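Good morning, and thank you for coming. I should like to take you through one structure, from single residues up to the whole chain. Please look at the sequence and the model as they appear.

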Amino acid sequence: MITTILGCGTIGKAVLAANLANGGEPAHFRAVTSRPERAELVADEFGVVAGVNARVLVHDADLVVLGVKPHQLTDVLKSVASDLAPGVTLLSLAAGVTSAAIEEAIPGAHVIRAMPNLGARIGKSATSVSYGALATEADMARARQVLEPAGTVTEVPEHLINAVIGVAGSAPAWFLTVLEAVIDAGVANGLSYDAATQMAASTMEATAALVKETGTDPGVLRKAVCSPGGTTIAGMAAAEQAGLRAATMAAVQAAHDRGVELS
Ligand SMILES: NC(=O)c1ccc[n+]([C@@H]2O[C@H](COP(=O)([O-])OP(=O)(O)OC[C@H]3O[C@@H](n4cnc5c(N)ncnc54)[C@H](OP(=O)(O)O)[C@@H]3O)[C@@H](O)[C@H]2O)c1
């Protein structure tokens, strides 16, 4: 079975790296970039066949991972349409391009849409997957095979992908902004950047793990750390007054709405 990553940039390389780190054979993967020097770097780093000639590199693939930017996707697909193997599974990672748009570019295509995130770089993406109209269970199983090494995979109906973008796909940006703000404020209070970064990142990681591992509602855990008259409730009062909750919800909503607008 051959997987061709058509558009092997940030997210394509993360998926490729996760597969190879989990026992995938380099000989079973191909990578396509737009610039020859990038293809050379991918070939050197991962030991896979890589190049800029998409038509040659897709022809023996049973799975083509679409990792180009959303605005390029349908044109790139049309340019390789006659080279795709019959029944090939197309696994699109693009935000804002519906499976229907891909089926319009490649009539009869078996499309699985996925929404990974930055966590894929360390095998910890929270990825969603959705069936296109003609995709089968076999297509889904094949897509899962390359996505699972990069993190958890959750099936959602395609119309909920933009909701996934808000809580997972784009969400590293909100969590990183909160993390940065906590670190900066710690530095303002005298900690070194290294110490503040180490402690704040560990705290964020442990807090998320507590929610996942205990299944406790985040609001219940938060109240449990807010002692009456204490430091944490004083901090929460200031955060609420400054609009932390409203700003975060607005970011999630805006990402969702932008996804809808692009579709
Ligand atoms: N980055 C994320 O965290 C993330 C999360 C979820 C979904 N996505 C989706 O993943 C897709 C890729 O995003 P990205 O951040 O990985 O972008 P990126 O780093 O810019 O990678 C895009 C890749 O496509 C290649 N490419 C451009 N034009 C091409 C063409 N005509 N034929 C073949 N390859 C071509 C580029 O080649 P060069 O290397 O030569 O430039 C590059 O390797 C997007 O659709 C995005 O919506 C990304």
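Let me begin with a question: does Thr-4 count as buried or exposed? Thr-4 counts as buried, because its relative accessibility is 0%, and the cut-off for burial is anything under 20%. Before I go further, please note that this is a predicted model, and the values I quote are computed from it.

Where does Thr-4 sit? Thr-4 belongs to strand S1, which covers residues 3-6. A polar atom of the Thr-4 side chain lies 2.6 Å from the backbone oxygen of Leu-57. Leu-57 also appears among the contacts of Thr-4 once neighbours within four places in sequence are left aside. The other residues on that list are Arg-30, Val-32, Val-58, Ala-61, Leu-63, Val-64 and Val-65.

Let us now step back to the protein as a whole. The chain has 263 residues, and 38% of them are buried. Its secondary structure comes to 12 helices and eight strands. Taken along the principal axes, the C-alpha atoms fill a box of roughly 70 × 35 × 30 Å. The protein is divided into domain 1, residues 3-156, and domain 2, residues 172-262. How far apart are the C-alpha centres of domain 1 and domain 2? They lie 33 Å apart. Among contacts with a separation of 6 or more, 60% are between residues 24 or more positions apart.

I turn next to a run of strands, beginning with S5 and S6. Strand S5 covers residues 89-92, and strand S6 covers residues 110-115. S5 and S6 run parallel and are joined by four bridges. Within this pairing, Thr-89 stands opposite His-110 in S6. Between the two strands the chain passes through helix H5, residues 99-105, in a right-handed β-α-β crossover. How many of the six residues of S6 are buried? Five of the six are, and the strand is mostly covered.

Helix H5 deserves a further word. Ala-100 lies in this helix, and Ala-100 is partly exposed, with a relative accessible area of 45%. Along the chain, Ala-100 and Ser-263 are 163 residues apart, and their C-alpha atoms are separated by 10.0 Å.

From S6 we proceed to S7, residues 125-131. Four bridges join S6 to S7 as well, but here the strands run antiparallel. Arg-113 stands opposite Ser-130 in S7. Arg-113 is also in contact with Ser-130.

Let us consider Ser-130 itself, which is found in strand S7. Ser-130 is buried, because its relative accessible area is 1%. Which backbone oxygen does the side chain of Ser-130 reach? The side chain reaches the backbone oxygen of Val-156, at 2.8 Å. Beyond its neighbours within four places in sequence, Ser-130 is in contact with several residues, including Val-111, Ile-112, Met-140, Val-156 and Ile-161. Pro-157 and Glu-158 are on that list too.

S7 has another partner in strand S8, residues 151-155. S7 and S8 pair in the parallel sense over five bridges. In this pairing, Ala-126 has Thr-152 in S8 as its bridge partner. Helix H6, residues 137-147, completes the arrangement: S7, H6 and S8 make a right-handed β-α-β unit.

For contrast, I shall now show a residue outside the strands and helices. Ser-82 lies in the loop between helix H4, residues 73-80, and strand S5. Why does Ser-82 count as exposed? The reason is its relative accessibility of 62%, since exposed means over 50%. Ser-82 and Ile-11 are 71 residues apart along the chain, and their C-alpha atoms are separated by 26 Å.

My last topic is the cysteines. A disulfide is a covalent bond between the sulfur atoms of two cysteines. How many disulfides are counted in this model? The count comes to zero, where a pair would need its sulfur atoms within 2.5 Å. Cys-8 is buried, with a relative accessible area of 6%. Cys-226 is buried too, with a relative accessible area of 14%.

To close, I ask you to return to the model and find two residues. One is Thr-4, buried in strand S1; the other is Ser-82, exposed in the loop before S5. Thank you for your attention.

Methods: Residues are numbered from 1 along each chain as its sequence is written. This is a predicted model: local features need pLDDT of at least 70, side-chain atom pairs count only at pLDDT 80 or more; totals for chains, interfaces and linings use all residues. Side-chain values use heavy atoms; hydrogens and water are left out. Buried means under 20% relative accessible area, exposed over 50%, partly exposed in between (1.4 Å probe, protein chains only). A polar contact is a pair of N or O atoms within 3.5 Å; within protein, one must be able to donate a hydrogen and the other to accept it, and residues adjacent in sequence count only if both atoms are side-chain atoms. Contact means heavy atoms within 4.5 Å. Two strands pair if DSSP finds at least two bridges between them. A crossover is right-handed if, with the strands pointing away from the viewer, the path from the first strand over the helix to the second runs clockwise. Domain bounds come from an automatic or database domain assignment.
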